[in-house]
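This briefing is for a reader meeting the structure for the first time. It takes up a few local features in turn, grouped by topic.

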Amino acid sequence: MEELQKALNDKNLAVSTLPEKGRCLFTTRDLSPGEVILSEDPYVSVPNKNKESPNSKCEWCFSSSNVKKCSGCHVVWYCGSTCQKLDWKLHSVECKALAKVDKNRVKSITPSIRLMVKLYLRRKLQHQKIVPTTATDNYNLVEALVSHMPDLEEKQLVLYAQMANLVALILQWPEQEINIKEIAENFSKLSCNAHSICDSELRPLGTGLYPVISIINHSCLPNSVLVFEGRLAVVRAVQHIPKGTEVSISYVETAGSTITRQKALKEQYFFSCTCSRCIKMGQFDDIEESAVLEGYRCKDRKCNGFLLRDLDNKGFICKHCGLLRNKEEIENIASEVRPMSEKASMALSSGNNTQASSAYKMVEKLQLELCHPYSINLMRTRETLLKILMELQDWKQALVYCRLTIPIYIRAYPPFHPLVGLQYYTCGKLEWLLGETEEAVKSLTKALNVLRITHGTKNPFMMELLSKLDEAHAEASYKRSSQNED
Ligand SMILES: [Zn+2]
Ligand SMILES: [Zn+2]
Ligand SMILES: [Zn+2]
Ligand SMILES: [Zn+2]
(Lines give C-alpha, C1' and ligand atoms only; values in the text may rest on other atoms or scores of the structure.)
(Ligands and ions follow the chains in the order given, each with its own letter.)
Protein backbone atom coordinates (compact mmCIF):
# COMPACT_ATOMS: atom_id res chain seq x y z
CA MET A 1 0.00 0.00 0.00
CA GLU A 2 2.82 2.42 0.85
CA GLU A 3 4.49 1.60 -2.44
CA LEU A 4 1.23 2.27 -4.27
CA GLN A 5 0.74 5.53 -2.38
CA LYS A 6 4.19 6.67 -3.51
CA ALA A 7 3.57 5.70 -7.13
CA LEU A 8 0.26 7.57 -7.07
CA ASN A 9 1.82 10.63 -5.44
CA ASP A 10 4.01 10.96 -8.52
CA LYS A 11 0.79 11.12 -10.56
CA ASN A 12 -0.71 13.76 -8.21
CA LEU A 13 -3.11 11.24 -6.73
CA ALA A 14 -3.65 9.83 -3.25
CA VAL A 15 -5.63 6.93 -1.78
CA SER A 16 -7.64 7.41 1.40
CA THR A 17 -9.95 5.07 3.22
CA LEU A 18 -13.29 6.44 4.38
CA PRO A 19 -15.35 4.34 6.79
CA GLU A 20 -18.58 4.60 4.78
CA LYS A 21 -17.02 4.20 1.31
CA GLY A 22 -13.85 2.16 1.66
CA ARG A 23 -10.91 3.19 -0.51
CA CYS A 24 -11.20 6.44 -2.47
CA LEU A 25 -8.90 8.13 -4.97
CA PHE A 26 -8.22 11.85 -4.53
CA THR A 27 -6.40 14.35 -6.73
CA THR A 28 -3.59 16.38 -5.19
CA ARG A 29 -3.69 19.05 -7.89
CA ASP A 30 -6.27 20.98 -9.93
CA LEU A 31 -7.39 19.23 -13.12
CA SER A 32 -8.95 20.68 -16.26
CA PRO A 33 -11.57 18.94 -18.42
CA GLY A 34 -9.91 16.47 -20.78
CA GLU A 35 -6.78 15.94 -18.68
CA VAL A 36 -5.66 12.34 -18.14
CA ILE A 37 -5.89 11.47 -14.46
CA LEU A 38 -4.66 7.90 -14.66
CA SER A 39 -3.99 5.20 -17.24
CA GLU A 40 -3.45 1.55 -16.52
CA ASP A 41 -2.76 -1.70 -18.35
CA PRO A 42 -4.87 -4.62 -17.17
CA TYR A 43 -3.51 -7.07 -14.59
CA VAL A 44 -5.27 -9.64 -16.78
CA SER A 45 -7.75 -9.30 -19.62
CA VAL A 46 -9.68 -11.47 -22.02
CA PRO A 47 -11.68 -10.76 -25.19
CA ASN A 48 -15.39 -11.53 -25.29
CA LYS A 49 -17.33 -13.10 -28.08
CA ASN A 50 -21.08 -12.60 -28.12
CA LYS A 51 -23.99 -11.61 -30.31
CA GLU A 52 -23.14 -7.92 -30.06
CA SER A 53 -19.55 -8.56 -31.07
CA PRO A 54 -19.32 -11.94 -32.80
CA ASN A 55 -15.81 -11.69 -34.25
CA SER A 56 -12.77 -13.43 -32.81
CA LYS A 57 -10.38 -10.90 -31.30
CA CYS A 58 -6.69 -10.61 -30.64
CA GLU A 59 -5.90 -11.70 -27.11
CA TRP A 60 -3.58 -8.72 -26.57
CA CYS A 61 -5.00 -5.71 -28.46
CA PHE A 62 -8.63 -6.83 -29.07
CA SER A 63 -8.42 -6.07 -32.79
CA SER A 64 -10.53 -8.38 -34.95
CA SER A 65 -8.76 -7.83 -38.25
CA ASN A 66 -6.54 -10.60 -39.66
CA VAL A 67 -6.61 -12.68 -36.50
CA LYS A 68 -5.20 -16.20 -36.49
CA LYS A 69 -5.73 -19.00 -34.00
CA CYS A 70 -2.85 -20.02 -31.72
CA SER A 71 -1.69 -23.35 -33.15
CA GLY A 72 -0.86 -24.66 -29.66
CA CYS A 73 -4.23 -24.43 -27.90
CA HIS A 74 -6.68 -23.51 -30.72
CA VAL A 75 -8.48 -21.27 -28.19
CA VAL A 76 -6.68 -17.94 -28.34
CA TRP A 77 -6.35 -15.60 -31.35
CA TYR A 78 -3.68 -13.05 -32.32
CA CYS A 79 -3.59 -10.28 -34.93
CA GLY A 80 0.11 -10.85 -35.55
CA SER A 81 3.45 -11.81 -34.08
CA THR A 82 3.88 -8.50 -32.20
CA CYS A 83 0.85 -9.11 -30.00
CA GLN A 84 1.66 -12.80 -29.68
CA LYS A 85 5.16 -11.97 -28.41
CA LEU A 86 3.85 -9.40 -25.93
CA ASP A 87 1.47 -12.01 -24.54
CA TRP A 88 3.86 -14.95 -24.71
CA LYS A 89 5.19 -15.09 -21.14
CA LEU A 90 1.67 -15.59 -19.85
CA HIS A 91 0.17 -17.43 -22.79
CA SER A 92 2.98 -19.98 -23.09
CA VAL A 93 1.90 -21.45 -19.74
CA GLU A 94 -1.79 -20.94 -20.38
CA CYS A 95 -1.43 -22.53 -23.82
CA LYS A 96 -0.03 -25.76 -22.35
CA ALA A 97 -2.84 -25.90 -19.79
CA LEU A 98 -5.55 -25.23 -22.38
CA ALA A 99 -4.11 -27.78 -24.80
CA LYS A 100 -4.55 -30.51 -22.18
CA VAL A 101 -8.25 -29.82 -21.67
CA ASP A 102 -10.64 -32.34 -23.14
CA LYS A 103 -12.09 -31.12 -26.48
CA ASN A 104 -15.71 -31.26 -25.25
CA ARG A 105 -14.82 -29.34 -22.16
CA VAL A 106 -13.05 -26.54 -24.06
CA LYS A 107 -16.49 -25.31 -25.14
CA SER A 108 -17.44 -24.66 -21.51
CA ILE A 109 -14.44 -22.38 -20.95
CA THR A 110 -16.13 -18.98 -20.81
CA PRO A 111 -14.21 -15.68 -20.84
CA SER A 112 -14.73 -15.42 -17.04
CA ILE A 113 -13.10 -18.82 -16.52
CA ARG A 114 -10.21 -17.83 -18.75
CA LEU A 115 -9.80 -14.52 -16.93
CA MET A 116 -9.52 -16.40 -13.63
CA VAL A 117 -7.04 -18.94 -15.04
CA LYS A 118 -4.92 -16.04 -16.30
CA LEU A 119 -5.15 -14.32 -12.92
CA TYR A 120 -3.67 -17.36 -11.16
CA LEU A 121 -1.03 -17.94 -13.83
CA ARG A 122 0.08 -14.32 -13.73
CA ARG A 123 0.24 -14.36 -9.92
CA LYS A 124 2.48 -17.45 -10.11
CA LEU A 125 4.71 -15.93 -12.82
CA GLN A 126 5.16 -12.78 -10.75
CA HIS A 127 5.86 -14.90 -7.67
CA GLN A 128 8.54 -16.78 -9.63
CA LYS A 129 9.84 -13.39 -10.88
CA ILE A 130 9.38 -14.51 -14.50
CA VAL A 131 7.01 -11.54 -14.92
CA PRO A 132 8.29 -8.43 -13.06
CA THR A 133 6.18 -6.67 -10.44
CA THR A 134 5.83 -2.93 -9.92
CA ALA A 135 4.05 -0.75 -7.37
CA THR A 136 0.99 -0.62 -9.61
CA ASP A 137 1.24 -4.13 -11.08
CA ASN A 138 1.19 -6.83 -8.45
CA TYR A 139 -1.18 -9.36 -6.93
CA ASN A 140 -1.42 -7.50 -3.59
CA LEU A 141 -3.58 -4.94 -5.37
CA VAL A 142 -5.92 -7.71 -6.50
CA GLU A 143 -5.99 -9.05 -2.96
CA ALA A 144 -7.04 -5.60 -1.68
CA LEU A 145 -10.17 -5.54 -3.87
CA VAL A 146 -13.53 -5.98 -2.16
CA SER A 147 -15.55 -9.14 -2.63
CA HIS A 148 -19.15 -9.49 -1.52
CA MET A 149 -19.37 -13.15 -0.60
CA PRO A 150 -21.72 -12.59 2.41
CA ASP A 151 -24.15 -10.67 0.19
CA LEU A 152 -24.41 -13.40 -2.43
CA GLU A 153 -27.34 -15.74 -2.79
CA GLU A 154 -26.82 -19.48 -2.36
CA LYS A 155 -27.40 -20.05 -6.10
CA GLN A 156 -24.59 -17.65 -6.99
CA LEU A 157 -22.21 -19.25 -4.46
CA VAL A 158 -22.86 -22.68 -5.96
CA LEU A 159 -22.19 -21.32 -9.44
CA TYR A 160 -18.90 -19.72 -8.34
CA ALA A 161 -17.85 -23.00 -6.68
CA GLN A 162 -18.52 -24.88 -9.93
CA MET A 163 -16.57 -22.31 -11.90
CA ALA A 164 -13.71 -22.52 -9.39
CA ASN A 165 -13.58 -26.29 -9.88
CA LEU A 166 -13.27 -25.83 -13.63
CA VAL A 167 -10.42 -23.35 -13.08
CA ALA A 168 -8.66 -25.88 -10.84
CA LEU A 169 -9.17 -28.55 -13.49
CA ILE A 170 -7.54 -26.38 -16.14
CA LEU A 171 -4.63 -25.32 -13.93
CA GLN A 172 -3.90 -28.90 -12.75
CA TRP A 173 -1.79 -27.61 -9.88
CA PRO A 174 -0.89 -29.75 -6.87
CA GLU A 175 -3.61 -29.73 -4.21
CA GLN A 176 -1.67 -27.59 -1.73
CA GLU A 177 -1.37 -24.80 -4.31
CA ILE A 178 -5.09 -24.64 -5.04
CA ASN A 179 -7.79 -23.16 -2.85
CA ILE A 180 -11.28 -23.54 -4.34
CA LYS A 181 -12.82 -21.19 -1.79
CA GLU A 182 -10.33 -18.48 -2.67
CA ILE A 183 -10.99 -18.90 -6.41
CA ALA A 184 -14.73 -18.64 -5.77
CA GLU A 185 -14.16 -15.47 -3.76
CA ASN A 186 -12.07 -14.08 -6.60
CA PHE A 187 -15.02 -14.63 -8.97
CA SER A 188 -17.07 -12.45 -6.66
CA LYS A 189 -14.25 -9.86 -6.77
CA LEU A 190 -14.22 -9.92 -10.57
CA SER A 191 -17.98 -9.47 -10.79
CA CYS A 192 -17.84 -6.12 -8.96
CA ASN A 193 -14.34 -4.96 -9.91
CA ALA A 194 -13.54 -6.08 -13.45
CA HIS A 195 -14.23 -3.55 -16.18
CA SER A 196 -15.83 -4.16 -19.52
CA ILE A 197 -13.27 -3.13 -22.15
CA CYS A 198 -14.91 -1.18 -24.99
CA ASP A 199 -13.75 0.28 -28.27
CA SER A 200 -13.82 4.06 -28.86
CA GLU A 201 -17.49 3.82 -29.82
CA LEU A 202 -18.25 2.04 -26.55
CA ARG A 203 -18.92 -1.36 -28.11
CA PRO A 204 -17.81 -4.07 -25.67
CA LEU A 205 -14.70 -6.04 -26.66
CA GLY A 206 -13.73 -7.88 -23.53
CA THR A 207 -13.15 -7.82 -19.81
CA GLY A 208 -10.13 -6.65 -17.84
CA LEU A 209 -9.04 -6.29 -14.24
CA TYR A 210 -7.51 -2.87 -13.49
CA PRO A 211 -6.81 -2.93 -9.74
CA VAL A 212 -5.75 0.73 -9.44
CA ILE A 213 -8.70 2.06 -11.46
CA SER A 214 -10.91 -0.19 -9.29
CA ILE A 215 -10.10 2.13 -6.37
CA ILE A 216 -12.12 4.89 -8.09
CA ASN A 217 -15.64 5.05 -6.66
CA HIS A 218 -18.93 5.53 -8.44
CA SER A 219 -20.99 8.67 -8.79
CA CYS A 220 -24.20 9.13 -10.80
CA LEU A 221 -22.79 12.55 -11.75
CA PRO A 222 -19.10 11.65 -12.10
CA ASN A 223 -16.28 14.16 -12.54
CA SER A 224 -14.29 11.71 -14.71
CA VAL A 225 -14.79 9.15 -17.42
CA LEU A 226 -13.14 5.81 -18.20
CA VAL A 227 -12.38 5.16 -21.88
CA PHE A 228 -10.19 2.44 -23.41
CA GLU A 229 -7.45 2.67 -26.01
CA GLY A 230 -7.02 -0.98 -26.95
CA ARG A 231 -6.26 -2.67 -23.62
CA LEU A 232 -5.13 0.54 -21.94
CA ALA A 233 -7.72 2.05 -19.59
CA VAL A 234 -7.62 5.85 -19.48
CA VAL A 235 -9.43 8.00 -16.91
CA ARG A 236 -9.99 11.63 -17.93
CA ALA A 237 -11.50 14.59 -16.11
CA VAL A 238 -14.79 15.73 -17.67
CA GLN A 239 -15.00 18.87 -15.58
CA HIS A 240 -12.72 21.12 -13.59
CA ILE A 241 -11.62 19.06 -10.55
CA PRO A 242 -10.11 21.11 -7.73
CA LYS A 243 -7.17 19.73 -5.74
CA GLY A 244 -8.27 17.45 -2.91
CA THR A 245 -11.46 16.24 -4.64
CA GLU A 246 -12.42 12.58 -4.88
CA VAL A 247 -12.18 11.21 -8.45
CA SER A 248 -15.38 9.47 -9.56
CA ILE A 249 -16.57 7.54 -12.61
CA SER A 250 -19.94 5.88 -13.25
CA TYR A 251 -20.29 2.11 -12.89
CA VAL A 252 -23.78 1.96 -14.37
CA GLU A 253 -25.89 3.70 -16.99
CA THR A 254 -26.60 7.12 -15.45
CA ALA A 255 -29.59 8.02 -17.66
CA GLY A 256 -32.38 6.90 -15.37
CA SER A 257 -34.30 7.80 -12.25
CA THR A 258 -32.61 7.64 -8.85
CA ILE A 259 -34.56 4.48 -8.03
CA THR A 260 -33.41 2.78 -11.25
CA ARG A 261 -29.75 3.72 -10.69
CA GLN A 262 -29.82 2.69 -7.03
CA LYS A 263 -31.34 -0.66 -7.96
CA ALA A 264 -28.65 -1.36 -10.57
CA LEU A 265 -25.87 -0.41 -8.13
CA LYS A 266 -27.31 -2.53 -5.33
CA GLU A 267 -27.74 -5.57 -7.56
CA GLN A 268 -24.28 -5.62 -9.04
CA TYR A 269 -22.12 -3.66 -6.61
CA PHE A 270 -23.96 -4.05 -3.28
CA PHE A 271 -23.94 -0.45 -2.14
CA SER A 272 -26.33 2.47 -1.76
CA CYS A 273 -25.09 5.49 -3.67
CA THR A 274 -24.89 8.77 -1.77
CA CYS A 275 -23.72 10.95 -4.67
CA SER A 276 -24.94 14.50 -5.26
CA ARG A 277 -27.81 13.21 -7.43
CA CYS A 278 -28.83 10.38 -5.12
CA ILE A 279 -29.01 12.46 -1.93
CA LYS A 280 -31.78 14.46 -3.61
CA MET A 281 -34.01 11.38 -3.69
CA GLY A 282 -37.59 12.37 -2.84
CA GLN A 283 -36.95 16.10 -3.27
CA PHE A 284 -38.98 18.01 -5.85
CA ASP A 285 -36.18 18.13 -8.46
CA ASP A 286 -35.61 14.41 -8.17
CA ILE A 287 -39.33 13.61 -8.44
CA GLU A 288 -39.56 15.81 -11.55
CA GLU A 289 -36.49 14.15 -13.05
CA SER A 290 -37.94 10.64 -12.52
CA ALA A 291 -41.31 11.70 -13.95
CA VAL A 292 -39.62 13.07 -17.07
CA LEU A 293 -37.19 10.17 -17.61
CA GLU A 294 -39.57 7.33 -16.79
CA GLY A 295 -43.07 8.81 -16.58
CA TYR A 296 -46.02 9.64 -18.82
CA ARG A 297 -46.75 12.51 -21.17
CA CYS A 298 -49.43 15.16 -20.73
CA LYS A 299 -52.84 14.59 -22.32
CA ASP A 300 -52.28 17.86 -24.20
CA ARG A 301 -49.80 16.94 -26.95
CA LYS A 302 -48.42 20.49 -26.98
CA CYS A 303 -47.61 20.45 -23.24
CA ASN A 304 -44.23 19.14 -22.05
CA GLY A 305 -45.19 19.08 -18.36
CA PHE A 306 -44.44 16.08 -16.19
CA LEU A 307 -47.11 13.93 -14.60
CA LEU A 308 -47.46 12.76 -11.01
CA ARG A 309 -49.96 10.29 -9.56
CA ASP A 310 -52.99 12.19 -8.26
CA LEU A 311 -54.10 11.86 -4.65
CA ASP A 312 -57.34 9.97 -5.40
CA ASN A 313 -55.35 7.49 -7.47
CA LYS A 314 -57.59 8.11 -10.50
CA GLY A 315 -54.62 8.70 -12.73
CA PHE A 316 -51.80 11.14 -13.31
CA ILE A 317 -51.94 14.92 -13.20
CA CYS A 318 -49.78 17.24 -15.28
CA LYS A 319 -47.83 19.51 -12.97
CA HIS A 320 -47.68 22.15 -15.67
CA CYS A 321 -51.27 22.50 -16.93
CA GLY A 322 -53.24 20.46 -14.40
CA LEU A 323 -54.85 18.05 -16.91
CA LEU A 324 -55.64 14.57 -15.61
CA ARG A 325 -54.70 11.43 -17.52
CA ASN A 326 -56.98 8.61 -16.69
CA LYS A 327 -55.37 5.46 -15.23
CA GLU A 328 -57.30 3.13 -17.54
CA GLU A 329 -56.25 5.03 -20.63
CA ILE A 330 -52.59 4.74 -19.62
CA GLU A 331 -52.96 1.04 -18.82
CA ASN A 332 -54.59 0.43 -22.21
CA ILE A 333 -51.66 1.89 -24.14
CA ALA A 334 -49.13 0.21 -21.85
CA SER A 335 -50.81 -3.14 -22.50
CA GLU A 336 -50.39 -2.57 -26.23
CA VAL A 337 -46.72 -1.63 -25.89
CA ARG A 338 -45.70 -4.84 -24.11
CA PRO A 339 -46.62 -7.43 -26.79
CA MET A 340 -45.44 -5.10 -29.56
CA SER A 341 -42.03 -4.69 -27.86
CA GLU A 342 -41.74 -8.44 -27.52
CA LYS A 343 -42.59 -8.94 -31.17
CA ALA A 344 -40.03 -6.29 -32.15
CA SER A 345 -37.22 -7.73 -30.09
CA MET A 346 -37.98 -11.23 -31.37
CA ALA A 347 -37.78 -10.01 -34.96
CA LEU A 348 -34.52 -8.28 -34.15
CA SER A 349 -32.91 -11.32 -32.53
CA SER A 350 -33.99 -13.54 -35.41
CA GLY A 351 -32.16 -11.14 -37.71
CA ASN A 352 -35.23 -9.95 -39.60
CA ASN A 353 -34.33 -6.26 -39.71
CA THR A 354 -37.18 -5.18 -42.01
CA GLN A 355 -39.79 -6.73 -39.74
CA ALA A 356 -37.99 -5.43 -36.65
CA SER A 357 -37.90 -1.91 -38.05
CA SER A 358 -41.66 -1.78 -38.64
CA ALA A 359 -42.40 -3.34 -35.25
CA TYR A 360 -40.13 -0.85 -33.43
CA LYS A 361 -41.81 1.98 -35.32
CA MET A 362 -45.14 0.75 -33.91
CA VAL A 363 -43.58 0.69 -30.43
CA GLU A 364 -42.32 4.23 -30.94
CA LYS A 365 -45.78 5.39 -32.04
CA LEU A 366 -47.37 3.94 -28.91
CA GLN A 367 -44.63 5.30 -26.65
CA LEU A 368 -45.11 8.75 -28.15
CA GLU A 369 -48.69 8.62 -26.87
CA LEU A 370 -47.70 7.12 -23.54
CA CYS A 371 -44.34 8.47 -22.44
CA HIS A 372 -42.96 11.91 -21.69
CA PRO A 373 -41.15 13.28 -24.81
CA TYR A 374 -37.83 13.01 -22.91
CA SER A 375 -38.48 9.47 -21.75
CA ILE A 376 -35.59 7.01 -21.60
CA ASN A 377 -37.79 4.23 -22.98
CA LEU A 378 -38.59 6.30 -26.05
CA MET A 379 -34.88 7.09 -26.40
CA ARG A 380 -33.99 3.37 -26.27
CA THR A 381 -36.57 2.52 -28.94
CA ARG A 382 -35.14 5.20 -31.21
CA GLU A 383 -31.58 4.03 -30.55
CA THR A 384 -32.60 0.53 -31.60
CA LEU A 385 -34.33 1.89 -34.71
CA LEU A 386 -31.19 3.85 -35.56
CA LYS A 387 -29.08 0.68 -35.33
CA ILE A 388 -31.53 -1.35 -37.43
CA LEU A 389 -31.82 1.36 -40.11
CA MET A 390 -28.03 1.64 -40.30
CA GLU A 391 -27.85 -2.12 -40.86
CA LEU A 392 -30.49 -1.76 -43.57
CA GLN A 393 -28.39 1.11 -45.00
CA ASP A 394 -31.43 3.35 -44.94
CA TRP A 395 -29.28 6.42 -44.20
CA LYS A 396 -32.09 8.93 -44.61
CA GLN A 397 -34.33 7.39 -41.98
CA ALA A 398 -31.36 6.58 -39.77
CA LEU A 399 -30.53 10.27 -39.72
CA VAL A 400 -34.11 11.11 -38.73
CA TYR A 401 -33.88 8.80 -35.71
CA CYS A 402 -30.37 9.90 -34.82
CA ARG A 403 -31.55 13.51 -34.71
CA LEU A 404 -34.57 12.55 -32.60
CA THR A 405 -32.35 10.98 -29.92
CA ILE A 406 -30.07 13.98 -29.50
CA PRO A 407 -32.37 16.27 -27.47
CA ILE A 408 -33.10 13.34 -25.11
CA TYR A 409 -29.36 12.59 -24.79
CA ILE A 410 -28.70 16.22 -23.92
CA ARG A 411 -31.44 16.09 -21.31
CA ALA A 412 -30.37 12.73 -19.83
CA TYR A 413 -26.56 12.99 -19.85
CA PRO A 414 -24.06 15.59 -18.60
CA PRO A 415 -22.51 17.77 -21.37
CA PHE A 416 -19.22 15.86 -21.59
CA HIS A 417 -20.56 12.33 -21.81
CA PRO A 418 -19.01 10.04 -24.46
CA LEU A 419 -22.45 8.95 -25.67
CA VAL A 420 -23.43 12.55 -26.42
CA GLY A 421 -20.28 13.03 -28.51
CA LEU A 422 -20.72 9.69 -30.28
CA GLN A 423 -24.33 10.45 -31.18
CA TYR A 424 -23.27 13.78 -32.75
CA TYR A 425 -20.55 11.85 -34.59
CA THR A 426 -23.09 9.38 -36.03
CA CYS A 427 -25.33 12.30 -37.00
CA GLY A 428 -22.42 14.06 -38.73
CA LYS A 429 -21.38 10.92 -40.63
CA LEU A 430 -24.95 10.38 -41.87
CA GLU A 431 -25.34 14.03 -42.92
CA TRP A 432 -22.02 13.83 -44.76
CA LEU A 433 -23.13 10.66 -46.54
CA LEU A 434 -26.41 12.30 -47.57
CA GLY A 435 -24.69 15.39 -48.92
CA GLU A 436 -25.87 17.70 -46.13
CA THR A 437 -22.38 19.12 -45.82
CA GLU A 438 -23.12 22.26 -43.82
CA GLU A 439 -25.07 20.23 -41.25
CA ALA A 440 -22.28 17.63 -41.15
CA VAL A 441 -19.74 20.32 -40.28
CA LYS A 442 -21.94 21.48 -37.40
CA SER A 443 -22.53 17.97 -36.03
CA LEU A 444 -18.90 16.85 -36.40
CA THR A 445 -17.76 20.02 -34.62
CA LYS A 446 -20.14 19.30 -31.75
CA ALA A 447 -18.85 15.71 -31.65
CA LEU A 448 -15.27 16.93 -31.53
CA ASN A 449 -16.00 19.36 -28.69
CA VAL A 450 -17.29 16.52 -26.49
CA LEU A 451 -14.98 13.69 -27.58
CA ARG A 452 -11.75 15.70 -27.29
CA ILE A 453 -12.54 15.85 -23.55
CA THR A 454 -13.64 12.22 -23.09
CA HIS A 455 -11.34 10.50 -25.61
CA GLY A 456 -8.35 12.88 -25.91
CA THR A 457 -7.07 13.77 -29.38
CA LYS A 458 -4.03 11.57 -29.93
CA ASN A 459 -5.55 8.26 -30.95
CA PRO A 460 -6.63 6.75 -34.29
CA PHE A 461 -10.34 7.19 -33.59
CA MET A 462 -9.99 10.93 -32.97
CA MET A 463 -7.57 11.35 -35.90
CA GLU A 464 -10.30 9.93 -38.12
CA LEU A 465 -12.88 12.35 -36.70
CA LEU A 466 -10.50 15.28 -37.23
CA SER A 467 -9.81 14.32 -40.83
CA LYS A 468 -13.55 13.82 -41.54
CA LEU A 469 -14.19 17.28 -40.16
CA ASP A 470 -11.41 18.77 -42.31
CA GLU A 471 -12.88 17.13 -45.40
CA ALA A 472 -16.40 18.31 -44.55
CA HIS A 473 -15.10 21.86 -44.01
CA ALA A 474 -13.34 21.82 -47.37
CA GLU A 475 -16.37 20.49 -49.19
CA ALA A 476 -18.72 22.95 -47.48
CA SER A 477 -16.61 25.93 -48.50
CA TYR A 478 -16.25 24.54 -52.04
CA LYS A 479 -20.04 24.18 -52.27
CA ARG A 480 -20.50 27.71 -50.95
CA SER A 481 -18.04 29.23 -53.44
CA SER A 482 -19.56 27.36 -56.40
CA GLN A 483 -23.02 28.55 -55.34
CA ASN A 484 -21.72 32.12 -55.28
CA GLU A 485 -20.38 31.76 -58.81
CA ASP A 486 -23.83 30.71 -60.01
ZN1 LIG B 1 -3.20 -7.67 -31.53
ZN1 LIG C 1 -2.18 -21.14 -27.36
ZN1 LIG D 1 -25.76 8.23 -7.13
ZN1 LIG E 1 -49.76 19.53 -19.34
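**A three-stranded sheet and other local features**

In this predicted model, three strands make up an open sheet, ordered β13-β14-β15, with antiparallel pairing. The edges are held by β13 (307-309) and β15 (324-326), each of which has a single partner strand, so one side of each is left without a neighbour in the sheet. From one strand to the next, the twist averages 30°.

**Within and around the sheet**

- β13 and strand β14 (residues 315-318) run antiparallel and are joined by three bridges.
- Leu308 has Ile317 in β14 as its bridge partner.
- Helix α10 (residues 327-349) packs on the sheet, where it touches β14 and β15. The direction of α10 makes about 55° with that of β15.
- The loop between β13 and β14 contains Asn313. Asn313 is not a glycine, yet its phi is positive, near 60°.
- Asn313 counts as exposed because it has 8 C-beta neighbours inside 10 Å, and the cut-off for exposed is 12 or fewer.

**The β7-β8 hairpin**

- Strand β7 (residues 195-198) and strand β8 (residues 204-209) run antiparallel, joined by four bridges.
- Ser196 is paired with Thr207, its bridge partner in β8.
- The two faces of β7 differ in cover: His195 and Ile197 lie on the covered face, while Ser196 and Cys198 lie on the uncovered one. In a regular strand, side chains alternate between the two faces of the sheet.
- Five residues lie between the strands of this hairpin, and Leu202 has a positive phi near 65° there. Most residues other than glycine have a negative phi.

**Leu422 and its contacts**

- Helix α14 (residues 418-433) includes Leu422.
- Leaving aside residues up to four places away in sequence, Leu422 touches Glu201 and Leu202. Leu202 is also the residue with a positive phi in the hairpin of β7 and β8.
- Leu422 has 19 other C-beta atoms within 10 Å and is therefore partly exposed; a residue is buried if the count is 20 or more.
- Between Leu422 and Leu448 the C-alpha to C-alpha distance is 9.1 Å, and the two are 26 residues apart in sequence.

**The helix pair α11 and α12**

- Helix α11 (residues 353-370) and helix α12 (residues 376-391) have axes that come within 9 Å and cross at roughly 155°.
- Angles over 145 degrees count as roughly antiparallel, so α11 and α12 are roughly antiparallel to each other.
- Their crossing is left-handed.
- On the α11 side, the contact is made by Asn353, Ala356, Ser357, Tyr360, Lys361, Val363, Glu364, Gln367 and Leu368. On the α12 side, the residues include Asn377, Leu378, Thr381, Arg382, Thr384 and Leu385, along with Ile388, Leu389 and Glu391.
- By type, the residues of this contact are eight nonpolar, six polar and four charged.

**The loop after α12**

- Gln393 is found in the loop between α12 and α13 (395-412).
- Is Gln393 buried or exposed? Gln393 is exposed, because 8 other C-beta atoms lie within 10 Å.
- Gln393 has a positive phi of about 55°, though it is not a glycine.

Terms used:
Residues numbered from 1 in each chain as written. Chains lettered and ligands numbered in written order. Predicted model: local features only at pLDDT ≥ 70, side-chain atom pairs only at ≥ 80, totals over all residues. Axes fitted to C-alpha atoms, helices over the stretch in contact; angles between N-to-C directions. Parallel < 35°, antiparallel > 145°, perpendicular 65-115°, else oblique. Left-handed = near helix turned anticlockwise from the far one by under 90°. Contact = placed C-beta atoms within 7 Å. Nonpolar A, V, L, I, M, F, W, Y, C, P; charged D, E, K, R; others polar. Pairing = 2+ DSSP bridges.
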